[in-house]
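Opening the notebook on this one. I wanted to look up a few residues, then the aromatic rings, then the nonpolar packing.

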Amino acid sequence: MTRYLFRRIGAGILTLWVVSILIFIGTEVVPGDVATAILGRSATPEALETVRERLELDRPAAERYWGWFTGAIQGDLGESSAQTLASGRGAPMWPLISGRLENSAILAVATMILLIPLGLGLGILAAIHAGRRLDHGISAGSLSAMSLPEFVTGALLILVFSVWLDLLPGVSLLSSGTSPLGRPEILVLPVITLLLVSLAHTIRMIRAGMIEVLDSQYIEMARLSGHPEHRIVRRHALRNALAPTVMVIALTVQWLVGGIIVTEVVFGYPGLGQAMVQSVESRDVGFVQSVAMLIATIYVALNIIADLLVVFLIPKLRTAP
């Protein structure tokens, strides 16, 4: 188990290193830079050169990458170029990211609190009633939700609950330094948007895994032995379907890390996603690189944790070569 843990951590570190190179290359090929974005196209070459020197954008790309990567490893994300130019003094990256990260985490956790019990319950319910009306209804609803991307689902929810019914705010506005928990009403529509899209995929995956377990030979033997169906599901089928369920939930959480960006932009929610889009517009490359690397790190960490949970739940995997 320890050897497997170190292998997975090593693979995760290698993955993050490759991702860091791709992130840096991706931001390098984007036309324009923060100097052009702030000073405008009418800026003189001398002014642009002065700003680039101040922000060290005139250094070779390989040197800038190594400085950024080694700093990120040590926890130093550098400074925001756009904020530094706007304020006239250094603007460390972490204070700009931490508040946004907390807001995004609140949105993701609120979604997961609803997603896990609903996904498990509806997925198991559909599997138990496979081929019947209840299963067809749950499957049809899941397919309908999966067919709509987040921005369409969000727009429809705004139209119904904000414009027509005037029950909930259509834009998740929040004062600086204020927690979303202080205004829970701004979380409702973004959470429902994320929940509908992610819940559909989770239900279908759990249903498929549960049906496979229910069709196995030992479940058939338990039925022939006269055990009640609810006991078979609770004590035998659910336990053996738990391992793939963990992977499904982990994949859903990983999807939330990326899918939350679109939802935040649709509702104007002050999270990492919205900040990242604004940074792309202002060509704040450092902020984009830091947020992208942070999202990649969370993604890899969740993947490692899910793999370890599966190995823990399936003892025979611990002795696998």
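**Asn240**

I started with the contacts of asparagine 240: leaving aside neighbours within four places in sequence, it touches Val213 and Tyr218, contact meaning heavy atoms within 4.5 Å. Before going on, a note on the model: it is predicted, so local features need pLDDT of at least 70 and side-chain atom pairs count only at pLDDT 80 or more, while totals for chains, interfaces and linings use all residues. Residues are numbered from 1 along each chain as its sequence is written, and side-chain values use heavy atoms, with hydrogens and water left out.

Asparagine 240 sits in helix H11, residues 229–267 (helices, H or I with at least four residues, are DSSP runs numbered from the N terminus). Is asparagine 240 buried or exposed? I get a relative accessible area of 42%, so partly exposed is the label (buried is under 20%, exposed over 50%, partly exposed in between, with a 1.4 Å probe and protein chains only). I also checked asparagine 240 against asparagine 103: they are 137 residues apart in sequence and 36 Å apart in space, C-alpha to C-alpha.

**Rings**

I searched the whole structure for aromatic pairs and got five (rings of Phe, Tyr and Trp, the last by its six-membered ring, pair if their centres lie within 6.5 Å; planes under 30 degrees apart are stacked, over 60 edge-to-face, the rest tilted). Tyrosine 65 and phenylalanine 69 are a stacked pair, because their ring centres are 5.7 Å apart and their planes are at 15°. Both are in helix H4 (residues 61–73), and being four residues apart there puts about one helical turn between them. Tyrosine 65 and phenylalanine 69 are both buried. Ring pairs also join Phe24, Tyr65, Trp66, Trp68 and Phe69 into a cluster.

**Ser290 and the cores**

Next I went to serine 290, in helix H13 (residues 285–313). Its relative accessibility is 3%, so I logged it as buried. Beyond residues up to four places away in sequence, serine 290 touches Trp68, Leu77, Met93 and Ile97.

Then I pulled the largest nonpolar core, which has 22 residues; Trp68, Ile97, Met276, Phe287 and Val291 touch the most other members (a core is a set of buried Ala, Val, Leu, Ile, Met, Phe, Trp, Tyr and Cys residues joined through side-chain atoms within 4.5 Å). H13 gives this core its largest share, nine residues. Valine 291 touches Ile97, Leu272 and Met276, again not counting residues up to four places away in sequence. Apart from this core I found another, of 18 residues, including Leu107, Ala126, Leu187 and Ile260.

Terms used. Helix = DSSP H or I, 4+ residues; strand = E, 2+ residues; numbered from the N terminus.
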